[in-house]
Amino acid sequence: MAQKLTTQSAAERIIVPLDVPTMEDAIALVDTIPNVTFWKVGLELFVSAGPAILEQLKQRQKRIFLDLKFHDIPNTMAGACRAAAGYGVDLITVHAPAGKVALQAAQAAAMEGAAATGCASPNLIAVTLLTSINPRALAFELKVSLELQDYALQMALLAQDSGLRGIVCSPQEAEALRRVCGDEFLLVCPGVRPAGSAKGDQQRAMTPSQAIAAGASYLVIGRPITQAENPATAFQQICDEITING
């Protein structure tokens with residue numbers, strides 16, 4: 001049986017996305033919710049603000065999920081991961097369908113980049129399938145013949161076989177993936193929505209406590225917190241829900 005979470009440990013497992021367009025907006029949001037310890041920097045903010053936003057987060061002693069989802073030929077992915085590892089972030093994303101050679105090159109390069117700059121090696125995690133993709137889109141738009149859960153499992157096993165530390169997956173796949181991939185493999189789950197929240201473009205969602213029970217290592221929760229009338233209160237309520245029901 002999993003150890004029951006405290007409010008503090010629940011907070012440590014929630015990653016809040018900085019899905020804002022500017023450095024100023026990002027810092028304002030971080031300072032609005034001081035109890036958040038783990039922030040996600042994605043494409044929009046990184047393209048706008050660059051590495052400076054990472055330095056601002058590190059100065060505030062925050063953990064960082066650099067979610068740039070690298071997907072390219074092996075040499076290019078390796079170069080990108082080598083450079084990203086030098087920022088001293090905690091998580092870096094790549095796309096699993098890039099293939100085993102690219103994933104292995106990315107993993108090796110991330111370790112090289114961290115060592116060269118004196119940073120701790122980041123956890124490289126692979127996106128199995130974007131949570132905006134539903135079974136119909138997988139079958140009819142992407143022309144993948146596997147069932148969605150089987151496809152996610154194959155991508156997870158590919159990432160694990162390539163030496164990566166974990167994956168990004170829907171919470172709906174977490175239970176099966178945890179059973180197959182073991183307790184040490186990281187499962188980072190977006191598509192998490194508190195009861196009563198709008199799903200938006202997330203097609204495969206669960207509540208926070210359901211996702212933790214299913215085996216998620218970390219929950220990525222954005223709009224229900226950042227677009228709430230009081231973001232700090234919304235964050236605390238989610239922590240409390242996980243603590244009570246976890």
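Tutor: Helices are DSSP runs of H or I with at least four residues and strands are runs of E with at least two, both numbered from the N terminus. By this convention K69 is found in strand β3. The model is predicted: local features need pLDDT of at least 70, side-chain atom pairs count only at pLDDT 80 or more, and totals for chains, interfaces and linings use all residues. Residues are numbered from 1 along each chain as its sequence is written, while side-chain values use heavy atoms and leave out hydrogens and water.

Student: What is the sign of phi in K69, and what is its approximate value?

Tutor: Phi of K69 is positive, near 50°, in a residue other than glycine.

Student: Why is K69 called partly exposed?

Tutor: Buried means under 20% relative accessible area and exposed over 50%, with partly exposed in between (1.4 Å probe, protein chains only). The relative accessible area of K69 is 27%, so K69 falls in the middle class.

Student: Which class does K143 belong to, and how do you know?

Tutor: K143 has 65% relative accessibility and therefore counts as exposed. K143 lies in the loop between α7 (135–141) and α8 (148–161). Phi of K143 is likewise positive, about 60°, although K143 is not a glycine.

Student: Why are D31 and R60 said to meet in a salt bridge?

Tutor: Side chains of opposite charge can pair when their charged atoms come close. A salt bridge requires a side-chain nitrogen of Lys or Arg within 4 Å of a carboxyl oxygen of Asp or Glu. For D31 and R60 the N to O distance is 3.1 Å, so the pair meets the rule. D31 lies in helix α2 (residues 23–32) and R60 in the loop between α4 (52–59) and β3 (63–70), so the bridge ties together parts that are 29 residues apart in sequence. D31 is partly exposed, with a relative accessible area of 45%, and R60, at 28%, is partly exposed as well.

Student: What makes the pair of D90 and R63 a salt bridge?

Tutor: The N to O distance between the side chains of D90 and R63 is 3.7 Å, so this pair also satisfies the rule. D90 lies in the loop between α5 (74–85) and β4 (91–95), whereas R63 is in strand β3, so the bridge ties together parts that are 27 residues apart in sequence. D90 has a relative accessible area of 24% and R63 one of 30%; each is partly exposed.

Student: How do you know that R82 forms a salt bridge with E112?

Tutor: The closest N and O atoms of R82 and E112 are 3.1 Å apart, so the criterion is met. The pair links distant parts of the chain, R82 being in helix α5 and E112 in helix α6 (residues 100–117), 30 residues apart. R82 is partly exposed at 36%, as is E112 at 43%. In addition, salt bridges with shared partners join D19, K40, D67 and K69 into one network.

Student: How many salt bridges are there by this rule?

Tutor: The count comes to six salt bridges.

Student: Why is there no bond between the sulfurs of C189 and C169?

Tutor: A disulfide is a pair of cysteine sulfur atoms within 2.5 Å. The sulfur of C189 is 3.9 Å from its closest cysteine sulfur, in C169, which is too far for a bond. For C181 the closest cysteine sulfur is also in C169, at 8.7 Å, and this too is too far. A search of the whole structure finds zero disulfides. C189, at 0% relative accessibility, is buried, and C181, at 8%, counts as buried too.

Student: How many aromatic pairs are counted?

Tutor: The count comes to two aromatic pairs. One of them is formed by F38 and Y218, with 5.4 Å centre to centre and 80° between the planes. This pair links distant parts of the chain, F38 in strand β2 (residues 38–42) and Y218 in strand β8 (residues 218–220), 180 residues apart.

Student: Why is the pair of F38 and Y218 called edge-to-face?

Tutor: Rings of Phe, Tyr and Trp (its six-membered ring) pair if their centres lie within 6.5 Å; planes under 30 degrees apart are stacked, over 60 edge-to-face, and the rest tilted. The centre distance and plane angle of F38 and Y218 satisfy both conditions, so the label edge-to-face follows. Both F38 and Y218 are buried.
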